[in-house]
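User: Hi, I'm new to this one. Can you walk me through the ligand site?
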Amino acid sequence: MSDLNNNIKLAEQYLQRFRDNITTHYINGAWTSASGVDSFDNLTPIDNSPIGKIAAGRVEDIDAACDAAEAAFTGWRNTSGAERKKILIRFADLIEKRAEEIALVESVDCGQAIRFMRQAAVRGAANFRFFADKAPEAANGLSLYQAEHTNFTVRTPIGPVGIITPWNTPFMLSTWKIAPALAAGCTVVHKPAELSPLTASILAEVSEEAGIPPGVWNMVNGFGETAGKRLTEHPAIKAVALVGESRTGSMIMKQGADTLKRMHLELGGKNPVIVFDDADFERALDAVVFMIYSLNGQRCTSSSRLIIQSGIRERFMQALVERVKNLRVGHPLDPDTEVGPLIHSSHKEKVLSYMDIAREDGADITVGGGKYAGDNVDAAGNYVQPTLFTNADNAMRIAREEIFGPVLTAITFTTEEEAIQLANDSEYGLAAYIWTGDHGTAMRMAHKVETGMLWINSENNRNLPSPFGGIKMSGIGRDGGDYSFDFYMETKNICMAHGTHKVPQLGKNH
Ligand code: NAD
């Protein structure tokens with residue numbers, strides 16, 4: 001049996017229970033009843049057929065989850081860091097045990113190629129292990145000395161938090177948020193994206209098996225405008241971490257304003273990859289292709305704007321065209337597939353609409369430009385051709401708007417100043433990539449490009465203690481290591497006198 005057929009068979013076994021039952025909410029340590037609930041079809045991007053029904057969370061479901069998180073907060077906050085660490089390590093072990101199931105289910109649910117989803121499950125476990133190790137020291141603060149006082153700070157968990165995640169790499173992104181929240185001592189209400197909700201249920205099951213007490217982890221399914229909205233408004237929720245589109249970020253800031261919620265927003269991007277004439281040609285080419293065509297281009301850190309120097313341009317573009325033409329589009333469970341179907345038919349239409357926009361703006365479509373059809377895919381699936389726009393300029397919509405598909409816009413530059421100007425001429429500022437053989441160029445660019453994250457001579461490499469996040473319309477706040485704890489915890493300053501200072505005396509000896 002081929003690897004693809006084998007994967008399909010295995011995935012079907014794991015999916016059967018989702019097909020047979022409405023996927024409900026996990027609240028206060030129990031799955032809610034499916035009887036009488038409103039539900040919606042969950043479609044696979046492979047052929048747009050339903051792979052089960054998902055409960056559409058109502059205000060009362062969200063309220064029940066938030067109330068459970070509030071009730072469980074004191075107990076979890078008072079659980080020692082060492083005990084939280086033990087539970088979270090068990091959690092990581094259990095994710096690893098179910099890694100194959102997670103990868104296969106996620107691949108069918110969101111259309112991402114299995115070669116990348118296997119990594120996502122492993123990285124999910126790594127997120128838990130990393131923050132588990134940090135749990136015992138999360139409360140640590142600073143000691144700040146004055147002549148007659150000593151100040152010291154301690155951190156305490158902020159309270160129940162809402163975590164709202166997108167559809168592009170749902171499992172990995174959820175663990176990235178939830179693991180530090182739990183390690184910090186917060187309780188959690190998670191709302192996964194309505195378009196790829198399945199692995200969130202697996203996570204909730206793992207939480208139970210790992211021994212997370214009832215109410216500490218709650219998961220509610222449903223739509224952003226209803227379930228998500230209520231979560232951002234509920235008074236028990238003290239902070240909201242969102243990964244999603246920029247306009248969703250501004251919406252939830254407004255929704256959370258009345259209850260003064262702390263917000264962490266990881267939003268969209270239109271990230272430049274700047275390739276200088278003196279770059280290592282082959283490595284730069286590999287990275288440029290990988291950072292836009294992997295994960296179907298549905299990746300916040302994708303390098304969707306190639307800014308290429310004029311001296312290397314012709315040779316680089318020739319090689320790039322060959323590589324883009326060679327990309328293997330196919331069924332996401334095929335281990336050979338490099339580009340799978342896009343999440344939803346409406347998203348496919350959105351991506352395809354940029355083909356006309358590119359033509360109208362006067363760019364060339366050098367590779368791709370339409371729907372992908374082939375014997376190896378179902379015609380009803382959301383497949384698009386990997387696409388390369390050339391002769392573009394930075395004023396065009398294809399250079400300004402986040403397309404979120406396997407679509408790259410190439411723009412030429414001559415001088416370093418021009419490269420900086422092009423990179424910064426964007427409403428976004430999430431990630432940037434610089435390819436050059438010259439350290440001076442690299443360092444000048446690193447200081448001048450406006451971005452939250454910048455990689456020099458590398459594709460996106462994640463280091464868990466390092467800060468992850470964007471500026472401008474790409475977001476507010478940072479994830480990773482201690483940055484995550486700063487978000488999920490309050491810092492308290494305690495000031496202690498040495499007993500020597502003069503206390504002001506009012507009302508005495510007038
Ligand atoms: P989205 O903004 O449509 O949805 C994200 C989540 O927000 C979903 O769970 C959705 O139900 C919820 N939501 C929508 N409206 C809401 C509301 N009014 N109140 C509360 N919740 C609401 O994003 P998407 O289309 O699922 O994901 C793609 C986007 O995510 C892209 O813009 C991408 O760049 C971004 N993203 C950013 C990062 C990052 O780290 N910066 C990582 C991955 C994805």
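Analyst: Sure, one term to start: a polar contact is a pair of N or O atoms within 3.5 Å. This is a predicted model, where local features need pLDDT of at least 70, side-chain atom pairs count only at pLDDT 80 or more, and totals for chains, interfaces and linings use all residues. Residues are numbered from 1 along each chain as its sequence is written, and side-chain values use heavy atoms, with hydrogens and water left out.

User: OK, how far is the polar side-chain atom of E266 from an oxygen atom of the ligand?
Analyst: That distance is 2.9 Å. Q255 also has a polar side-chain atom 2.9 Å from the ligand, there from a nitrogen atom. For E194, a side-chain N or O atom is 2.6 Å from a ligand oxygen.

User: How many residues surround the ligand?
Analyst: 29 do, counting those with a heavy atom within 4 Å of it. T165, W167, E194, T248 and E402 are the closest.

User: And what's the mix by class?
Analyst: The shell has 15 nonpolar, eight polar and six charged residues.

User: Switching topic, which domains give residues to the shell?
Analyst: Domain 1 (2-267 + 474-493) and domain 2 (272-456) both do, so the ligand lies between them. Those bounds come from an automatic or database domain assignment.

Terms used: Polar contact = N/O pair within 3.5 Å; in protein donor to acceptor, adjacent residues only side chain to side chain. Nonpolar A, V, L, I, M, F, W, Y, C, P; charged D, E, K, R; others polar.
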